[in-house]
Amino acid sequence: FTIIMTLILGVDFGVLVGIVGSLLMFMYQTIQPEYGRIGKTKDGQYKFIKYGNANIRNDILILRWDEVLYFGNAQLFKDRIKKDVTHFLDSSDGDLYDGGCDDE
């Protein structure tokens, strides 16, 4: 992209457009990261449930945030985690995995 812009606009403006374009692309990718629930596939791998035949457990919530966490997306991270955990706890009916501890 920068090379094409440099050829069209000249060195000064081409490099400037390339830098601004790269910064905008970086901001877009970090503000809209790939995020979702993880499930276990038949071959034992954990993957996003939207990409395949992954089974999820109703007693464990596994989430994946696939981007660097920094001030620009921290509020989005907090909001999404809070929403998903609240939804998970509301739909779990108190039947959550206890880590194998027997309190009896």
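Is D66 buried, partly exposed or exposed? Select D66 in this predicted model, and you will find that D66 counts as partly exposed, because its relative accessibility of 33% falls between the limits of 20% and 50%.

**The salt bridge**

Keep D66 selected and add R64, since the side chains of R64 and D66 meet in a salt bridge, with 3.3 Å from N to O. As a general point, side chains of opposite charge can pair when their charged atoms come close. R64 also counts as partly exposed, because its relative accessibility is 38%. If you go looking for further pairs of this kind, note that the count for the model comes to one salt bridge.

**The sheet**

Next, show the strands as a cartoon and select β1, β2 and β3, which form an open sheet of three strands in the order β2-β1-β3, with antiparallel pairing. β2, residues 46–48, and β3 stand at the edges of this sheet, and each has a single partner strand, so one side of each is left without a neighbour in the sheet. If you look along the sheet, the twist from one strand to the next averages 40 degrees.

In general, the strands of a sheet pair through backbone hydrogen bonds, either parallel or antiparallel. To see one pairing in detail, select β1, residues 34–40, together with β2, and you will have two strands that pair in the antiparallel sense over three bridges. For a single bridge, pick G39, whose bridge partner in β2 is K47.

**Two buried loop residues**

Now move to P33, which lies in the loop between α2 and β1. P33 is buried, because its relative accessible area of 8% is under the limit of 20%. Leaving aside neighbours within four places in sequence, P33 is in contact with W65, D66, E67, L76 and R80, so D66, the acidic partner in the salt bridge, comes into view again here.From P33, go on to N73, which is found in the loop between β3, residues 63–66, and α3, residues 74–92. P33 and N73 are 40 residues apart in sequence, while their C-alpha atoms are 8.8 Å apart in space. N73 counts as buried, because its relative accessibility is 0%. Not counting residues up to four places away in sequence, N73 touches T30, I31, W65, E67 and V68. Add M27 to the selection as well, and you can check that the C-alpha atoms of N73 and M27, 46 residues apart along the chain, are separated by 9.3 Å.

**The nonpolar patch**

For the last stop, turn on the surface and select I3, I4, L7, I8, L9, F13, L16, V20 and L24, which form a nonpolar patch with about 980 Å² of accessible area together. Colouring by helix will help here, since α1, residues 2–9, and α2, residues 11–31, each supply at least two residues of the patch. The largest share, five residues, comes from α1. To finish, pick L7, which lies in helix α1 and counts as exposed, because its relative accessibility is 71%.

Definitions and conventions. Residues are numbered from 1 along each chain as its sequence is written. This is a predicted model: local features need pLDDT of at least 70, side-chain atom pairs count only at pLDDT 80 or more; totals for chains, interfaces and linings use all residues. Side-chain values use heavy atoms; hydrogens and water are left out. Helices (H or I, at least four residues) and strands (E, at least two) are DSSP runs, numbered from the N terminus. Buried means under 20% relative accessible area, exposed over 50%, partly exposed in between (1.4 Å probe, protein chains only). Contact means heavy atoms within 4.5 Å. Patches are made of residues with over 30% relative accessible area and no salt bridge: like charges are joined within 9 Å, nonpolar side chains (Val, Leu, Ile, Met, Phe, Trp, Tyr) within 5 Å. Accessible areas come from the Shrake-Rupley method with a 1.4 Å probe; for residues, only the protein chains shown count as cover. A salt bridge is a side-chain nitrogen of Lys or Arg within 4 Å of a carboxyl oxygen of Asp or Glu. Two strands pair if DSSP finds at least two bridges between them. Axes are lines fitted to C-alpha atoms, for helices over the stretch in contact, and angles run from 0 to 180 degrees between N-to-C directions.
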